[in-house]
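This report describes how one protein chain is put together, beginning with its elements and ending with its surface. The reader may wish to keep the sequence and the structure in view throughout.

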Amino acid sequence: EEVAEKIKERKSEASIVTFDFAGADEAAYNKLFKQIDVIVGSNLAIVVNNVGVNYEHPKPFNETDIEEDLRIIKVNVEAQVRMSKYALRKYIEKKGGGAIVTLASMFGCI
């Protein structure tokens with residue numbers, strides 16, 4: 001919200017959309033994309049992928065629960081792919097460019 005306010009102070013537009021990436025299914029993503037379409041129309045300029053989760057406590061991979069592993073993949077990978085593909089479709093439709101910024105933490109380094 002603070003970043004959006006700073007953007008607005010510079011006479012630009014910014015919107016915040018809250019979404020549960022961990023619990024999202026195809027229908028939820030479609031609803032999200034429709035919501036974004038209403039807000040920005042064909043004027044999408046930038047998407048910032050700033051979502052990620054990790055294990056509550058570090059532990060050896062062979063000791064992690066598969067459900068927890070899949071939740072992490074769903075949030076850290078699926079969300080990024082879906083949001084980036086959505087943005088690319090919008091940029092191609094408007095025959096113009098745009099930016100996709102994907103943020104990560106040091107936990108994303110191998």
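The protein contains three helices and two strands, and from the N terminus onward these elements follow the order α-α-β-α-β. The model is a predicted one, and all the values below were computed from it. The C-alpha trace spans about 50 × 30 × 25 Å along its principal axes, and of the 110 residues in the protein, 23% are buried.

**The strands and the crossover**

In the strand pair, β1 (residues 46–49) and β2 (residues 99–102) run parallel and are joined by four bridges, with Ile 46 standing opposite Ala 99 of β2. The path of the chain from β1 to β2 leads through α3, and the resulting β-α-β crossover is right-handed. Which side chains of β1 are buried, and which are not? Val 47 and Asn 49 point to one face of the strand and are buried, whereas Ile 46 and Val 48 point to the other face and are not. As a general matter, side chains in a regular strand alternate between the two faces of the sheet.

**The aromatic cluster**

Turning to the rings, the count of aromatic pairs comes to five. One of them joins Phe 19 and Phe 21 in an edge-to-face arrangement, with 4.9 Å from centre to centre and 75 degrees between the planes. The angle earns that label because planes over 60 degrees apart count as edge-to-face. The two partners fall into separate accessibility classes, since Phe 21 is buried at a relative accessible area of 16%, while Phe 19, at 21%, counts as partly exposed; the boundary between these classes lies at 20%. Ring pairs extend beyond these two residues and link Phe 19, Phe 21, Tyr 29, Phe 33 and Tyr 86 into a cluster.

**The salt bridges**

The structure holds seven salt bridges. Side chains of opposite charge can pair when their charged atoms come close. Three of the bridges are set out here, each with its distance between N and O atoms.

| Salt bridge | N to O distance |
|---|---|
| Lys 6 and Glu 2 | 3.5 Å |
| Asp 37 and Lys 90 | 3.1 Å |
| Glu 78 and Lys 74 | 3.2 Å |

Lys 6 and Glu 2 both belong to helix α1 (residues 2–9), where they lie four residues apart, about one turn of the helix. Glu 2 is exposed, with a relative accessible area of 56%, whereas Lys 6 is partly exposed, with a value of 47%.

How far apart in the chain are Asp 37 and Lys 90, and which helices hold them? The bridge between Asp 37 and Lys 90, whose closest N and O atoms are 3.1 Å apart, links distant parts of the chain, as Asp 37 lies in helix α2 (residues 26–40) and Lys 90 in helix α3, 53 residues apart. Lys 90 counts as buried, because its relative accessibility is 11%, while Asp 37, with a relative accessibility of 30%, counts as partly exposed.

Glu 78 and Lys 74 are separated by about one helical turn, because they are four residues apart in helix α3. Glu 78 counts as partly exposed at 24% relative accessibility. Salt bridges that share partners also join Glu 26, Lys 74, Glu 78 and Arg 82 into one network.

**The nonpolar patch**

On the surface, a nonpolar patch is formed by Ile 66, Leu 70, Ile 73, Val 77 and Val 81, which together have about 430 Å² of accessible area. Is Ile 66, one of its members, buried or exposed? Ile 66 counts as exposed, because its relative accessibility is 51% and the exposed class comprises values over 50%. Ile 66 lies in helix α3, which covers residues 66–93. Helix α3 also carries Glu 78 and Lys 74 as well as Lys 90, and the chain passes through α3 on its way from β1 to β2.

Terms used. Residues numbered from 1 in each chain as written. Predicted model: local features only at pLDDT ≥ 70, side-chain atom pairs only at ≥ 80, totals over all residues. Heavy atoms only, no water. Patch = residues over 30% accessible without salt bridge, like charges linked within 9 Å, V, L, I, M, F, W, Y side chains within 5 Å. Areas by Shrake-Rupley, 256 points an atom, 1.4 Å probe, with all protein chains shown as cover. Salt bridge = Lys/Arg side-chain N within 4 Å of Asp/Glu carboxyl O. Buried < 20%, exposed > 50% of the residue type's maximum accessible area, 1.4 Å probe, protein only. Pairing = 2+ DSSP bridges. Right-handed = clockwise from strand over helix to strand, strands pointing away. Phe/Tyr/Trp six-rings, centres within 6.5 Å; stacked < 30°, edge-to-face > 60°.
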